[in-house]
Amino acid sequence: MFNTSVYEKTSRVFSSNVRLSKRFLVAILSAICIAVIYIALLSPSSRGWESQCTDNRWTTTNPAEMEAAFLVPSQFTFLNLNTLNATTHPKERREHILILTPLKNASPYLGRHFELLDRLSYPKELISIAFLVSDTTDDTVQMLKEYADIFLNRPNHADRFHRIQVFEKDFHYELPEDKRHTYALQPLRRSVMARSRNYLLNTALNEEHSWVLWLDVDIVDYPETVLEDLMSVNVDVVVPNCLLKREDGQFWGYDKNNWQETEESLALQKDLDPDFVFLEGYWEFVTHRLLLIDMPTHLGKFAKFPLDGVGGTFTLVKAQVHREGANFPAYPFQHQMETEGFAKMAKAMGFGVYGLPGYMVYHTTNSS
Ligand SMILES: Nc1nc2c(ncn2[C@@H]2O[C@H](COP(=O)(O)OP(=O)(O)OP(=O)(O)O)[C@@H](O)[C@H]2O)c(=O)[nH]1
Ligand SMILES: [Mg+2]
């Protein structure tokens, strides 16, 4: 016989068990939700730290170290930028210079590059060096770490550079070595170089720097006093004459991106599409500009000529020029891109751009 009271009792116990396990389930689900929300909103990776860190080979991925690195206390800073100048007394006034070099597969040149930097007569404690390495397949980054280790840890403090930084940013731009100087590919190549230079500049320039030197890694000779010499010219942007030392001992003009507009070159530009990019040193299109390498060299080292375009092999810039916004256009600006576009931009902003045909620096020979 069916016992109703037992049934009722059992069903009461059963339903209270169901209520209990429902509560348990709700509790578990809530705990899971809270954990998920914590992970999604509060964990380090959600604050963009992981992506920032993994961007950089040298940065730890250990969460505790990341916390320590990024959880710095909030800060207040007051800086009087009015006193930050680039003057003709750079050593006395302790003016810092930032030497910037974009790099790609540069390991064969790094030894000589650091040897020349080491020889500079400008005080090392006023020199910061920064590299931007892109799309590299050789051991450039490893070598830079080793050089940085040497030059930052020398026993004598006066022999140590102030700072060495290496940044890596890939643009996935691959071009066969034999096509690098092909005319039709130059706007694309120059646009990638412009982006590299802008990344480097925007990452490395800080409130210490009065001067910026753009220096290609394959410049193989220049005078020890080059920084003081170029600073003494006291103009916003200045370039020496970059020649190529040939194996037979002769010298040829190398950096054709240092130039002055002429009446003919300006007339030519009037009828062209604004997006047409002028390139120097190509028979495919004659620009009629006056190149620094063709200017008189017998007037002395410091005879200066106004320029409208510069290259990046060896270019000294008062940091103020970059700070005020002149950078490297990755698009056609007044028919120019990258370093030549930078010169055009600096001129448009009212800065002075000059070249010294009698002051020589030398590019490596193994160039097309
Ligand atoms: N970041 C970056 N640097 C590059 C790239 N290509 C060249 N570089 C670096 O930019 C500087 C100038 O490049 P070069 O290849 O010497 O250019 P160039 O002097 O016009 O050409 P060469 O006659 O072959 O020397 C050097 O320091 C190179 O290592 C690139 O795609 N990305
Ligand atoms: Mg070169």
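The exercises below work through a predicted model of one protein.

**Exercise 1. Overall make-up**

Task: State how many helices and strands the protein has, what share of its residues is buried, and what share of the contacts with a separation of 6 or more joins residues 24 or more positions apart.

Solution:
- Step 1. The protein has 10 helices and 12 strands.
- Step 2. Its length is 368 residues, and 32% of them are buried.
- Step 3. Among contacts with a separation of 6 or more, 80% are between residues 24 or more positions apart.

**Exercise 2. Strand 11**

Task: Decide whether strand 11 is enclosed by the rest of the structure or not, and find strands that pair with it.

Solution:
- Step 1. Strand 11 covers residues 314-318.
- Step 2. F314, L316 and K318 point one way from the strand, while T315 and V317 point the other way. Residues of both sets are buried.
- Step 3. Because five of its five residues are buried, strand 11 is largely enclosed by the rest of the structure.
- Step 4. Strand 4, residues 209-215, pairs with strand 11 in the antiparallel sense over five bridges. T315 of strand 11 is the bridge partner of W214.
- Step 5. Strand 6, residues 237-245, also pairs with strand 11 in the antiparallel sense, here over two bridges. V317 of strand 11 stands opposite V237.

**Exercise 3. Positive phi at H335 and E338**

Task: For H335 and E338, give the phi value, the place in the secondary structure and the burial class.

Solution:
- Step 1. H335 has phi near 70°, a positive value in a residue other than glycine.
- Step 2. H335 sits in the loop that runs between helix 9 (319-323) and helix 10 (338-348).
- Step 3. The cut-off for a buried residue is 20 or more other C-beta atoms within 10 Å. H335 has 21 such atoms, so H335 is buried.
- Step 4. E338 has phi near 45°, again positive in a residue other than glycine. E338 belongs to helix 10.
- Step 5. With 29 other C-beta atoms within 10 Å, E338 is therefore buried.

**Exercise 4. L81**

Task: Locate L81, decide whether L81 is buried or exposed, and give the C-alpha separation from E208.

Solution:
- Step 1. L81 is found in the loop between helix 3 (63-70) and strand 1 (96-103).
- Step 2. An exposed residue has 12 or fewer other C-beta atoms within 10 Å. L81 has 9, so L81 is exposed.
- Step 3. L81 and E208 are 127 residues apart along the chain, and 9.7 Å separates their C-alpha atoms.

Definitions and conventions
Residues are numbered from 1 along each chain as its sequence is written. Chains are lettered from A and ligands numbered from 1 in the order in which they are written. This is a predicted model: local features need pLDDT of at least 70, side-chain atom pairs count only at pLDDT 80 or more; totals for chains, interfaces and linings use all residues. Helices (H or I, at least four residues) and strands (E, at least two) are DSSP runs, numbered from the N terminus. Two residues are in contact if their C-beta atoms, placed from the backbone, lie within 7 Å. Two strands pair if DSSP finds at least two bridges between them.
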